[in-house]
Amino acid sequence: MKLHNFDFSKKVFFHPKNIVAYMEEKRPFPITMEVDLTNCCNHNCSFCCHAEYLKTVHATLPTDLIKERLAEAGELGTKGICFTGGGEPMLHKDFFEILEHSKNLGLSNGLITNGSVIQDRHLDQIVNLLQWIRISMGGGDAESYQIVQGVPVFEKVIGNIRKISQRIKESHSSLDVGIRFLVMRENIEGLKNLAEILRDISIDYLQLAPDHSANDQGKFWNAKYTQRIFKEVGNIIEKNNIKLLRAGYIGFEDRISYPQACYAHFFHIAITANGSVSFCKCHRNEKMMQIGNIHDQTLSEIWDGEITKDLEKWVKPSNCGAFCKHMASNIALEEILHPDESLMPNFVG
């Protein structure tokens, strides 16, 4: 069984104006912005790559400041805002006020959450203000969930997913709901249990992600036992028309030297909870990737600043030290900007 991922290259082609602008040597502002509203988190996940950072840097974006910067982002060309972490975004005291402000600006909102702080009074706001929501789960049963995520709230999160699904049906909403499951030795046994639970809950997809902190070179993920469970899970959830996806850095290992530049940042950037704007959302907490701070500068000043332009000249997949899932976007742009002349691109068909 082959697990499929979201096709990031297709998403690039949804924005031809940005592609044309870059071809004309302009610098279009990113389509998508990830926003870490706060570093506060109510979970203690064993896999969290930001855990030590979050314990020492307690930052939260001021409401008025982020509302001002969201308005500016919309004027510059941003279309979608992904509220994520950092910590748990819904712990920001004005989360729904910010969410509503973003929606009123005409921006599309997405949310990545652990799902544990959702309350019944939030359901209408979630359904009406978001285009998509993705719940991160580290276990398919109560025992493995607590081992991986550090808190005993599995049943509560499942209950919240169930309530969101029901409210979508009642309101005829188009909200897209997904679950991201980080596959580990500690939780693989519970995955089928989660699939069985989802048989009577209407969601859009279950996304399986490999544990990139593991040092086994993918042996566990690719093991026959693991792959057999994936197949069984797929057979269970397909009966409820739930897609089984994967997340990871796949398919381009042999082409990392191919793109002449990193074009991805013209499509997405990130703002951290302390206000830093990151050139690369995958390295949001690395100082060398931080191009400014919204406490001190506008987004326009940061985007047009020399730090950003100098970084653009240097960064490309082969020297940035990262192999990221947005290689698909980079390769798609490379093939447009520098086509293979042997294909005779002026002769279509």
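**Entry 1: aromatic residues**

I began with Tyr22, which counts as partly exposed at 24% relative accessibility, and I noted at once that I am reading a predicted model. Its partner in what follows, Tyr263, is buried, with a relative accessible area of 2%.

I then searched the whole structure for aromatic pairs and found eight. In one of them, Tyr22 and Tyr263 meet edge-to-face, with 5.5 Å from centre to centre and 80° between the planes. I traced both residues along the chain and saw that this pair links distant parts: Tyr22 sits in helix H2 (residues 16-23), whereas Tyr263 belongs to the loop between strand S7 (243-246) and strand S8 (268-271), 241 residues apart.

I looked next at Phe266 and Trp303, which also form an edge-to-face pair, at 5.9 Å centre to centre and 85° between the planes. Because Phe266 lies in the loop between S7 and S8 while Trp303 is part of helix H12 (residues 299-303), this pair ties together parts that are 37 residues apart in sequence. Both Phe266 and Trp303 are buried. When I asked which residues form one aromatic cluster, I obtained Tyr22, Phe29, Tyr263, Phe266 and Trp303.

**Entry 2: helices H9 and H11**

I checked how helix H9 (residues 191-198) sits against helix H11 (residues 224-237), and I found that their axes come within 9 Å and cross at roughly 5°. Since angles under 35 degrees count as roughly parallel, H9 is roughly parallel to H11. On the H9 side I listed Leu191, Lys192, Ala195 and Glu196, which meet Ile229, Phe230, Glu232, Val233, Ile236 and Ile237 in H11. Sorted by class, the contact of H9 with H11 has seven nonpolar and three charged residues, and no polar ones.

**Entry 3: cysteines**

How many disulfides does the structure hold? I found zero. I took Cys282 as a case to follow up: its sulfur is 4.4 Å from the closest cysteine sulfur, that of Cys280, which is too far for a bond because a disulfide needs the two sulfur atoms within 2.5 Å. Cys282 is partly exposed, with a relative accessible area of 33%, whereas Cys262 is buried at 17%.

**Entry 4: His326**

I located His326 in the loop between helix H13 (306-314) and helix H14 (327-337). Is His326 buried or exposed? I have it down as buried, with a relative accessible area of 5%. Leaving aside residues up to four places away in sequence, I recorded that His326 touches Phe8, Ala264, His268 and Lys281. I also took the separation of His326 from Val157, and their C-alpha atoms are 30 Å apart, with these positions 169 residues apart along the chain.

**Entry 5: backbone**

I went through the backbone and noted a cis peptide bond joining Gly85 and Gly86, with omega at about 0°. Gly86 lies in the loop between strand S2 (80-84) and helix H5 (95-104).

I then noted two residues other than glycine with a positive phi, Glu25 near 65° and His172 near 55°. Glu25 lies in the loop between H2 and strand S1 (32-36), and Glu25 is exposed, with a relative accessible area of 76%. His172 lies in the loop between helix H8 (154-171) and strand S5 (176-183), and at 72% relative accessibility His172 likewise counts as exposed.

How values were computed: Residues numbered from 1 in each chain as written. Predicted model: local features only at pLDDT ≥ 70, side-chain atom pairs only at ≥ 80, totals over all residues. Heavy atoms only, no water. Phe/Tyr/Trp six-rings, centres within 6.5 Å; stacked < 30°, edge-to-face > 60°. Helix = DSSP H or I, 4+ residues; strand = E, 2+ residues; numbered from the N terminus. Buried < 20%, exposed > 50% of the residue type's maximum accessible area, 1.4 Å probe, protein only. Axes fitted to C-alpha atoms, helices over the stretch in contact; angles between N-to-C directions. Parallel < 35°, antiparallel > 145°, perpendicular 65-115°, else oblique. Contact = heavy atoms within 4.5 Å. Nonpolar A, V, L, I, M, F, W, Y, C, P; charged D, E, K, R; others polar.
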